[in-house]
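Visitor: Hi! Could you walk me through this structure in plain words? I'd like to hear about the helices and the cysteines.

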Amino acid sequence: MGSTTGRLTGKSALITGAGSGIGAATAELFAREGAKVVVADVDKSKATLTADRIRDDGGVAEPYAADVSDETQVAGLVEFAVESFGGLDVLQNYASDRSVIAEDVFVADADPSVWLRQLGVDLMGCVLTAKYAVPHMTRAGGGSIANASSLAAWLSLESRPAYATAKAGVIGLSKSLATQYGKQGIRCNVIVPGHIVSPATEKMYSAAQTEVMLDHVLAPRLGRPDDVALAALFLASPESAFINGQVIVVDGGMSAYAPVVPSLRRLAANGR
Ligand SMILES: NC(=O)c1ccc[n+]([C@@H]2O[C@H](COP(=O)([O-])OP(=O)(O)OC[C@H]3O[C@@H](n4cnc5c(N)ncnc54)[C@H](O)[C@@H]3O)[C@@H](O)[C@H]2O)c1
């Protein structure tokens, strides 16, 4: 196993969307830090690959196939996590349906079934996992939940309005969970990745578009799944015990500056 400081020793964690990208990196980091991890994904083969990597590294993981938009499947998933590891301390949601991207277009052309699918996975997945996890966490005296949102929740990329709406909903949901269950020891925070290079974004963006993303990051490089996983680890660990209902942005500074800055820099470079 790689180097670890045991920040999640003794914890059991359920991570959705853990077959790929940020969710997979988070599952692997949590296992290295001592957590027992249920690696959940709609794609069983991807969940199994992540769990295999964790086990090969000396960690403890169980893969589980579930569609987070389906209440019966989510109830089974949470039950599986509780039974596998004797409880549930950490829930993190990264599941996101990328299959409807091409149809998530201008609102005047909206197909309601596309909207319902995007909201069903990206938003209702967070609702349903919380619905079934919270009772276990409150009985055990608390727990930590984190849900993935996106800069798209408040900075429109013009395309993907259903995705933006789902991710904005995740923020409202997470603040509601923090408020409703904080006194019972449950914390719920939001992780907002900026442009992170993952299998999904590598398919979505051309090389030229990726260059544009790099132009708009204040860091000298693009973000990696591990950058988000490290923030996720902080939110899962006792180090963030007094942080609840907050939105943590992991975007290399992409949302920190005024939109006019690139244009002003171009003018300055031309002596104007
Ligand atoms: N990568 C980025 O740049 C970026 C930026 C902003 C927000 N995010 C958010 O971070 C999270 C992870 O992003 P990523 O790039 O690693 O995504 P990804 O597409 O690589 O991984 C998402 C995973 O969710 C799974 N999934 C899809 N539908 C599901 C369902 N119905 N039930 C269960 N699992 C399902 C997929 O199989 C996949 O393994 C997502 O919520 C995404 O919206 C990512």
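**Cysteines and helix packing**

Guide: Happy to, and please keep in mind that this is a predicted model. Let me begin with a cysteine: the closest cysteine sulfur to that of C188 belongs to C126, and at 8.2 Å it is too far for a bond.

Visitor: And from the other side, which cysteine sulfur is closest to that of C126?

Guide: That would be the sulfur of C188, and the 8.2 Å between them is too far for a bond. A disulfide would need the two sulfur atoms within 2.5 Å.

Visitor: How many disulfides turn up in the whole structure?

Guide: The search finds 0 disulfides.

Visitor: Is C188 buried or exposed?

Guide: C188 is buried, with a relative accessibility of 0%. C126 has a relative accessible area of 4%, so C126 is buried too.

Visitor: OK, on to helices. How do people describe a packed pair?

Guide: Two numbers do the job: the angle between the two axes and the distance between those axes.

Visitor: Let's use those, then. What are they for α4 and α5?

Guide: Helix α4 covers residues 112–140, and its axis comes within 8 Å of the α5 axis, with a crossing of roughly 15 degrees. The two helices are therefore roughly parallel. Their crossing is right-handed.

Visitor: Which residues meet there?

Guide: On the α4 side, the residues include W115, L119, L123, C126 and V134. On the α5 side, they include P161, A166, V170, L173 and Y181. So C126, the buried cysteine from before, is one of the α4 residues that meet α5.

Visitor: What's the mix of residue classes in that contact?

Guide: The contact of α4 with α5 has 15 nonpolar residues, 4 polar ones and 2 charged ones.

Visitor: You listed A166. Where does A166 sit?

Guide: A166 is in helix α5, which spans residues 161–181. Its relative accessibility is 0%, so A166 counts as buried.

Visitor: What does A166 touch?

Guide: Leaving out residues up to four places away in sequence, A166 touches Q118, L119, D122 and L123. Those four are also among the α4 residues that meet α5. Another pair to look at is A166 and A153: they are 13 residues apart along the chain, and their C-alpha atoms are 7.8 Å apart.

Visitor: What about α3 and α4, how do their axes cross?

Guide: Helix α3 runs over residues 71–85, and its axis comes within 9 Å of the α4 axis, crossing at roughly 35 degrees. The crossing of α3 and α4 is right-handed.

Visitor: Which residues make that contact?

Guide: From α3 you have E71, V74, A75, V78, E79 and V82, and from α4 there are L128, T129, K131, Y132, A133 and H136. By class, the contact of α3 with α4 holds 7 nonpolar, 2 polar and 3 charged residues.

Visitor: Back to the start of the chain. At what angle do α1 and α2 pack?

Guide: Helix α1 (residues 21–32) and helix α2 (residues 44–56) pack at about 25 degrees, and their axes are 10 Å apart. Those two helices are therefore roughly parallel to each other, and their crossing is right-handed. In α1, A24, A27, E28 and A31 meet T50, R53 and I54 of α2. That contact of α1 with α2 is made up of 4 nonpolar, 1 polar and 2 charged residues.

Visitor: Changing topic: what is phi for E158?

Guide: E158 has a positive phi of about 75 degrees, although E158 is not a glycine. E158 lies in the loop between β5 (143–148) and α5. R160 is found in the loop between β5 and α5 as well, and R160 has a positive phi near 60 degrees, again in a residue other than glycine.

Visitor: Are they buried or exposed?

Guide: E158 is exposed, with a relative accessible area of 57%, whereas R160 counts as buried at 9% relative accessibility.

Visitor: Last one: where is P199, and what does P199 touch?

Guide: P199 is in helix α6, residues 199–204. Not counting residues up to four places away in sequence, P199 touches S20 and G21. P199 is partly exposed, with a relative accessible area of 43%.

Conventions: Residues are numbered from 1 along each chain as its sequence is written. This is a predicted model: local features need pLDDT of at least 70, side-chain atom pairs count only at pLDDT 80 or more; totals for chains, interfaces and linings use all residues. Side-chain values use heavy atoms; hydrogens and water are left out. Axes are lines fitted to C-alpha atoms, for helices over the stretch in contact, and angles run from 0 to 180 degrees between N-to-C directions. Angles under 35 degrees count as roughly parallel, over 145 as roughly antiparallel, 65 to 115 as roughly perpendicular and the rest as oblique. A crossing is left-handed if the near helix is turned anticlockwise from the far one by less than a right angle, and right-handed if clockwise. Contact means heavy atoms within 4.5 Å. Ala, Val, Leu, Ile, Met, Phe, Trp, Tyr, Cys and Pro count as nonpolar, Asp, Glu, Lys and Arg as charged, and the others, Gly among them, as polar. Buried means under 20% relative accessible area, exposed over 50%, partly exposed in between (1.4 Å probe, protein chains only).
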